[in-house]
Amino acid sequence: MSAATTRSRTPDRLCAEAVDLALSAAEEAAAPGVVGEHAGLVSEGDRVVTHFFECKEFGYRGWRWAVTVARASRAKLVTLDEVVLLPGPDSLQAPEWVPWSERLRPGDMGPGDLLPTDAEDLRLEPGYSGEDEPLPNSVLASRSAPASVPASVELAADLADAEDADITAGSPADYTVVPARGSIASVAEELGMRRARVLSRYGLHTAADRWEDAYGPQTPMAQAAPATCVSCGFLVAMGGSLGQAFGVCTNEFAPADGRVVSLAYGCGGHSEAAVMPKPPVPPPPVIDETMVDPFPLRPSADSGSVSVGGADADAAELGHS
């Protein structure tokens, strides 16, 4: 280890003793009452020392005021270099910044949000073939907008500027042109491919993987289901290649109502899983017509408290008891 390196790690004596100078500089730069006790010092080089003071300001737990002082060679006067608020080893800091393209999650988009797609997005591929020029039917394209554009497009352009994207003028409907009959564009329109870009094979597989994870045969709901969605009357079929493995649930009481579900998914709301029981019907009354039950017209003598004969004989006709 060289002598210069040894000297740079050893704090300069005069700079290390300039605690009062560093404290007054920190109090001048900070708000009153937020500079705490001296929390140590560190040598930054030859005759350069940084003093640390605790920060008592709310929201800056663990941060420290760092005041750097220095002196010239063979000089006895210590001068102030800089004052800055720095995080300490146990300070509370904001998480590391992540680009929007990496922190975006499904469901984060709201009204007015603009989500540009990369020109080399692996989920998309050109939707045209042949000599026909693709129509600029995407709100984001590598074109320049004219001077006079609608207000809605100007608002979208402002949003696009924040994402370093270019935007076309007008809406996709403004560029819709009826293709000539028999042309490649007309055939592409019949096949549903009259778009600038369509889903690639990779895009189809990634979408299928997401839907399979959310509403697939390996979910707990499907494992306990009495039957699969392929035999359910609430399943609406999908077109295209994805329709061979997925459909849309339309049962309002099912957990996947309005969602794309795998044909191997299932739940307790299957249309044929259970039949509502019929309400019980009481049996008809049974009448025995083979026997006769006698009913006396007059009460028996021992059926009440009124004696037969005597003063109450007339009242006994009324059946008093």
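**Exercise 1. Work out how many bridges join β7 to β8, and place this pair in its sheet.**

Step 1. Start with the pair itself: 3 bridges link β7 to β8 (residues 246-249), and the two run antiparallel. Strands here are DSSP runs of E with at least two residues, helices are runs of H or I with at least four, and both are numbered from the N terminus. Two strands count as paired if DSSP finds at least two bridges between them.

Before going on, keep in mind that this is a predicted model, in which local features need pLDDT of at least 70 and side-chain atom pairs count only at pLDDT 80 or more, while totals for chains, interfaces and linings use all residues. Residues are numbered from 1 along each chain as its sequence is written, and side-chain values use heavy atoms, with hydrogens and water left out.

Step 2. Find the facing residues. L235 is opposite C249 of β8, and V236 is opposite V248 of β8.

Step 3. Move on to the next strand. β8 is joined to β9 by 3 bridges, again antiparallel, and V248 faces V260 in β9.

Step 4. Put the strands together. They form an open sheet of 3 strands, ordered β7-β8-β9, with antiparallel pairing. At its edges are β7 (235-237) and β9 (260-262), each of which pairs on one side only. Ignoring direction, neighbouring strands of this sheet are turned by 50° against each other on average; the axes behind such angles are lines fitted to C-alpha atoms, for helices over the stretch in contact, and angles run from 0 to 180 degrees between N-to-C directions.

**Exercise 2. Explain why the sulfur of C249 makes no bond with the closest cysteine sulfur.**

Step 1. Look for the partner. The closest cysteine sulfur to that of C249 belongs to C267 and is 6.0 Å away, which is too far for a bond. A disulfide requires two cysteine sulfur atoms within 2.5 Å.

Step 2. Check the total: the structure holds 0 disulfides.

Step 3. Add the surroundings. C249 has a relative accessible area of 12% and is buried, where buried means under 20%, exposed over 50%, and partly exposed in between (1.4 Å probe, protein chains only).

**Exercise 3. Describe the sheet that contains β1, β2, β3 and β4, and say why one side of each edge strand lacks a neighbour.**

Step 1. Set the order. The 4 strands make an open, antiparallel sheet, β1-β2-β3-β4. β1 (35-45) and β4 are the edge strands; each has a single partner strand, so one side of each is left without a neighbour in the sheet. From one strand to the next, the twist averages 20°.

Step 2. Follow the first pair. β1 and β2 (residues 48-55) are antiparallel over 6 bridges. V35 has C55 of β2 as its bridge partner, and L41 stands opposite H51 of β2. The β1-β2 hairpin has 2 residues between the strands, and R47 in it takes a positive phi near 60°.

Step 3. Continue to β3. β2 and β3 are antiparallel over 7 bridges, with E54 partnered by R64 in β3.

Step 4. Ask how enclosed β2 is. Because 6 of its 8 residues are buried, β2 is largely enclosed by the rest of the structure. C55 counts as buried at 12% relative accessibility.

**Exercise 4. Place S91 and list what surrounds its side chain and backbone.**

Step 1. Locate S91: it sits in the loop between β4 (79-87) and α4 (100-103).

Step 2. Judge its exposure. With a relative accessible area of 14%, S91 is buried.

Step 3. Trace the neighbours. The S91 side chain reaches the backbone oxygen of G88 at 2.9 Å. Apart from neighbours within four places in sequence, S91 contacts R61, G62 and W63, a contact being heavy atoms within 4.5 Å.

How values were computed: Polar contact = N/O pair within 3.5 Å; in protein donor to acceptor, adjacent residues only side chain to side chain.
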